[in-house]
Amino acid sequence: MNKNRQCRGCGATLQSENPNAVGYLPEHLLSEPGKELICQRCFRIRHYGQHQEYQGISDAEQVIAQSMNWAQGTILILDLMDFEASIPRNIDLFTGKQNIVVALNKVDLLPPKTPVLEARDWALRRLRALNIKAEVVPISSLSGFGIKDLLAALYESSARRWLVCGVTNVGKSTLITKILQSQGKKQGLTPTTARFPGTTVACTRWAIDQGIILSDSPGLTPQGRLTDFVCMDCAVKLIPSQRLNVSVYNLKSQGALVVPGLAAFRPKQDGALIIGFTASQVKWQRANISKLDSWLTQSCAECRVTKWDRVDVELKPHQDLYIHGLGWISVRHHSTAGELIIPHGVDFTVRPNLIGGKLE
Ligand SMILES: Nc1nc2c(ncn2[C@@H]2O[C@H](COP(=O)(O)OP(=O)(O)OP(=O)(O)O)[C@@H](O)[C@H]2O)c(=O)[nH]1
Ligand SMILES: [Mg+2]
Ligand SMILES: [Zn+2]
Ligand SMILES: [Zn+2]
């Protein structure tokens, strides 16, 4: 009778055999007929913010590939604060579809002086450079900014079945929750959201106004994102969740920048003027070159970095050096060469600056 009932929060198939696997619910709760249910893991996330490891999580790419047959349109969510890391590896899978809208999420974390449209245009240029030609709608799933514009794009299209997809933690489930709330659909459950990656494990479908159905989906794991190299506690600290911190560092002789235990940039010349950006609980800070190694060993015992990549990088004026899953540094008037030190396997991108005046 209870075969294949689904957790309404994370999509897992409900089961009462293995408490350490996703979808677990004690037998007496699972046998309640007809009711919308959530699994024990979702209950713990929602009420206690707990983030344990669970077994039985299917490969997100496979789950999404199945839903692509159902969907008539795709809402691809990108995280503005972690932009390149949130572009899925196999982007063609999504952009090959007829109806695609890119939702540029977390714009609430921009500094107050940065116009949202400026950030939208920056993202458009970045996507065009990657040959991705989709409409880009800036949104905040958390505050509700831009949700009306996103819905207008869906209503205008002939597609009714939309897959909401993207890498882990970009805000897919938060977006669906916000839309359900904005349309007064508060009577039922909403998708489970959390500050750590991997919350949604299978697709769940949600009816909204104008006959549209949104499918939540499990997040893809991007390659080379620092967040995915560290333990859950450290991952939570790295998730973009705070307004972008922008600090200017006028480095003196022997000066460098470091995020303790995670990354460092060591300019080749004295007196570099560098702007540091992070939107999470970690921050860039000044360090003396002679102390860099000791700063880099100051990390969590559980996920201490053992192998570092040291790369020579040259930044031209108005370029960002963005470390996937961490944040970025930027220079304005002078080219700056230096050594970037990051955990082995983490990716970085040199790109036109996101924040501040642009070079035309
Ligand atoms: N500041 C801010 N935080 C957001 C926004 N959208 C989502 N978040 C936060 O990002 C984290 C992840 O949100 P989820 O909605 O669970 O992300 P997801 O894409 O469903 O993640 P998975 O299910 O793990 O793939 C949560 O802490 C959210 O509160 C946003 O627009 N602004
Ligand atoms: Mg989710
Ligand atoms: Zn669940
Ligand atoms: Zn850790």
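## Buried or exposed?

A residue is called buried when its relative accessible area is under 20%, and exposed when that value is over 50%. Keep these cut-offs in mind as you explore this predicted model. Lys 106 has a relative accessibility of 11%, so this residue counts as buried. Asn 131 has a relative accessible area of 57%, so it is exposed.

## Two residues with a positive phi

Let's stay with this pair a little longer. Most residues other than glycine have a negative phi. Lys 106 is not a glycine, yet its phi is positive, at about 70 degrees. You can find Lys 106 in the loop that runs between β2 (99-105) and α5 (116-129).

Asn 131 also has a positive phi without being a glycine, with a value near 65 degrees. Look for Asn 131 in the loop between α5 and β3.

## Around ligand 1

How many residues surround ligand 1? There are 23, and the closest are Asp 108, Asn 169, Lys 172, Thr 174 and Gly 198. By type, the shell consists of 6 nonpolar, 13 polar and 4 charged residues. Helix α7 (residues 172-182) gives the most to this shell, with 3 residues.

Now zoom in on the oxygen atoms of the ligand. One oxygen atom of ligand 1 is 3.4 Å from an N or O atom in the side chain of Lys 106, the buried loop residue you have already met. The backbone takes part in the picture too: an oxygen atom of ligand 1 lies 3.0 Å from a polar backbone atom of Asn 169, and an oxygen atom of the ligand is 3.2 Å from a polar backbone atom of Val 170. On its own, ligand 1 has 650 Å² of accessible area, and the protein covers 95% of that.

## Ser 140 and its contacts

Ser 140 sits in the loop between β3 (135-138) and α6 (147-156). Its relative accessibility is 0%, so Ser 140 counts as buried. What does the side chain of Ser 140 make a polar contact with? The partner is the side chain of Asp 108, at 2.9 Å. Asp 108 is also one of the closest residues to ligand 1.

If you leave aside neighbours within four places in sequence, Ser 140 is in contact with Asn 105, Lys 106, Val 107, Asp 108, Phe 145 and Ile 147.

## A helix with two faces

Helix α3 (residues 60-70) is a good one to turn around on your screen. Its buried residues are Ala 60, Val 63, Ile 64, Ser 67, Met 68 and Trp 70. Why do they line one face of the helix? Seen down the axis of α3, these residues fall within an arc of 145 degrees, so they share one face. The face turned away from that buried side carries the exposed residues Gln 62, Gln 66 and Asn 69.

The buried residues of α3 pack against β1 (73-79), α4 (92-95), β4 (161-165), β5 (204-207) and β6 (213-216).

## Two more stops

In helix α2 (residues 40-48), the buried residues are Gln 40, Arg 41, Cys 42 and Ile 45. After α2 comes Gly 49, whose phi is positive, near 60 degrees.

Finally, visit Glu 339 in strand β15 (residues 336-343). With a relative accessible area of 17%, Glu 339 is buried. Not counting residues up to four places away in sequence, Glu 339 touches Ala 264, Phe 265, Arg 266, Arg 310, Val 311 and Asp 312.

Terms used:
Residues numbered from 1 in each chain as written. Chains lettered and ligands numbered in written order. Predicted model: local features only at pLDDT ≥ 70, side-chain atom pairs only at ≥ 80, totals over all residues. Heavy atoms only, no water. Helix = DSSP H or I, 4+ residues; strand = E, 2+ residues; numbered from the N terminus. Buried < 20%, exposed > 50% of the residue type's maximum accessible area, 1.4 Å probe, protein only. Contact = heavy atoms within 4.5 Å. Arc of directions from axis to C-beta. Near = heavy atom within 4 Å. Polar contact = N/O pair within 3.5 Å; in protein donor to acceptor, adjacent residues only side chain to side chain. Areas by Shrake-Rupley, 256 points an atom, 1.4 Å probe, with all protein chains shown as cover. Nonpolar A, V, L, I, M, F, W, Y, C, P; charged D, E, K, R; others polar.
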